[in-house]
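Let's take a walk through this protein together, one element at a time. Have the viewer open so that you can follow along.

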Amino acid sequence: MVNSRKTNPLFYSIVILIIIFYSPLFNLKLDKGVFSLFTLKECTKITGTIKNSPVKTSDKKYYYADFILSSMETKKNEKCSAGGIIKIYIPSALVEAYYPGKLYSKVKDKNNFIYETGGIFSFSGKFSQNKFYINETLNGSYSKNIKGKISRFRALCRLQFKRLMYSWKNAGGLLLALLCGAREYTEDSVSSAFRNAGLSHILALSGMHLSMFSGIAMFIGKKSKRKNLSFIIRLTALILFVWFAGFSPSLLRAFICALLTLTTCAVNDQKNPDMLVILTMSFIIQIIISPTDIYSLGFILSYSALAGILIFNKLFQIFYIRFLPKTIAFSLASSTSAQIFTVPVSLYKFRTYSPIGIIATSFVSPLITFFIYTGLILIILSLIFPFISNISGIFMNFLYTIIKNLVLIFSKAPVWSIN
């Protein structure tokens, strides 16, 4: 790996780009802002397309999402075309109108919509600090073209999945967060425990989740004993997962890396491609197709963690294997390496750091992996044989209880903080 850095110009290109992007000497403004004839304060109505699945705010009053503007309107009913991306904040009562266990009777039937990626909406409300807070949904639909129909189908699939997971109670809430990034049904105490134990990365959709689906697809592909078919199966699995879960900055990084790895192995017939080269190529591709991700915390932590693993993992393996069993040593080495670059970011952003996360990851991550694989199997079986859904839920909640208690124990450990 050291040799690959010496001979790889991409590596040095990335170092230069990082200095440019994150150094205080440069003040890059990648967000082009809003294009409109009116100022934001004048506008009370907006129309456009939801760019990503809405996420609930910490105070639970709203769901926020990126919104691609197409037009704006003032109080005087003056309307003009608009462009750019803004943050919209949708009241929870509107978003959750169709959600199981979260029905709001005060929301009228005519105002019930499924707020998901690709939805075309008109809202009334007001801007505050460049964020649009919605009072009422005036209209909502999905385009009649193929793209719109696919977006609507995805929205319905996510809604149905939430209904199935709701029937599994707390275990379903955790599985929902792990498989599609929706945390509406995750216990607040559990979310806080994951954060305090330095395990927030496990709940965030990333390479770990994507690699599981790729692994399942690879197992199925090997059974066919045909390389072309195996490639198609793995590629399809990757695309379907990110399509269903949504492109967060960290998941987009994982998808690009997986796609480059899969393609490199197929084209060059390599079993172990240089992952540092893959990571640098992924970095360049992502900032080209989604430049606003550069300053996203998920983007920074995702690349920092993987870079740490690729650069320092072997060094820590040599250190840990001297006094620990091989399996534990390798797990601790990966966890420690991942935090080499992420710790400074966490201290700068949150002013806190949980050192217990290095050890906690080694114990909790395998359990989460087993939890996800088991959940996927039981979901499929429950869809085929609905009568086993309740039994499946009971078993999943048994696993959930083990994970929850373990995370709660780790969350009691001291946390470093700086003023």
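**A tour from a buried lysine outward**

At 2% relative accessibility, K162 counts as buried, because buried means under 20%. This lysine sits in helix α4, which covers residues 146-167. What is K162 in contact with, once its neighbours within four places in sequence are left aside? The list is Y99, P100, E116, L176, A182 and E184. Before going further, please keep in mind that this is a predicted model.

Now zoom out to the chain as a whole. It has 15 helices and nine strands. Of its 419 residues, 46% are buried. If you take the contacts with a separation of 6 or more, 65% of them are between residues 24 or more positions apart. The chain exposes about 22800 Å², and carbon and sulfur atoms supply 64% of that area.

Let's start with a helix that follows the simple expectation. Helix α2 runs over residues 9-22, and its 14 residues should span 20 Å at 1.5 Å a residue. The end C-alpha atoms of α2 are 20 Å apart, so the span agrees with that figure. Its buried residues are F11, I14 and F21. Looking down the axis of α2, you would find these buried residues within an arc of 90 degrees, so they line one face of the helix. On the other side of α2, P9 and I16 are exposed. A general point helps when you look at any such pattern: an α-helix has 3.6 residues a turn, so residues three or four places apart point the same way.

Helix α12 tells another story. It covers residues 297-320, 24 residues in total, and a straight helix of that kind would reach 34 Å at 1.5 Å a residue. The end C-alpha atoms of α12 are only 30 Å apart. Where does α12 bend, and by about how many degrees? Go to F312, where the bend is about 55 degrees. At the start of α12, look for S296: one of its side-chain oxygens reaches to within 3.3 Å of the backbone nitrogen of G298. The buried residues of α12 include the aromatic residues F299, Y303, F316 and Y320. Polar side chains are also found among the buried residues of α12, including S302, S304, N313 and Q317.

One of these, S304, deserves a stop of its own. S304 lies in helix α12, and its relative accessible area is 14%, so it is buried. Its side chain reaches the backbone oxygen of I300 at 2.6 Å. Not counting residues up to four places away in sequence, S304 touches A338, F341, T342 and V345. You can also pick out V343, which is 39 residues from S304 along the chain; the C-alpha atoms of the two are separated by 9.4 Å.

A second serine worth a look is S191, in helix α6 (residues 188-196). Its relative accessibility is 18%, so S191 counts as buried under the 20% cut-off. Beyond its neighbours within four places in sequence, S191 is in contact with T186 and L203.

From the helices, move to strand β4, residues 79-81, where you will find C80. This cysteine has 8% relative accessibility and therefore counts as buried. Leaving aside neighbours within four places in sequence, C80 is in contact with S36, L37, F38, S71 and M72. S70 is ten residues from C80 along the chain, and their C-alpha atoms are separated by 8.8 Å.

Finish in two loops, with an eye on the backbone. Most residues other than glycine have a negative phi. K60, in the loop between β2 (55-56) and β3 (62-74), has a positive phi, near 70 degrees. With a relative accessible area of 40%, K60 is partly exposed. N130 has a positive phi too, near 65 degrees, and its place is in the loop between β6 (120-128) and β7 (131-141). Is N130 buried or exposed? Its relative accessible area is 56%, so N130 is exposed.

Note on methods: Residues numbered from 1 in each chain as written. Predicted model: local features only at pLDDT ≥ 70, side-chain atom pairs only at ≥ 80, totals over all residues. Heavy atoms only, no water. Helix = DSSP H or I, 4+ residues; strand = E, 2+ residues; numbered from the N terminus. Buried < 20%, exposed > 50% of the residue type's maximum accessible area, 1.4 Å probe, protein only. Contact = heavy atoms within 4.5 Å. Expected span 1.5 Å × (residues − 1). Bend = angle between axes of the 7 residues up to and from the residue. Polar contact = N/O pair within 3.5 Å; in protein donor to acceptor, adjacent residues only side chain to side chain. Arc of directions from axis to C-beta. Areas by Shrake-Rupley, 256 points an atom, 1.4 Å probe, with all protein chains shown as cover.
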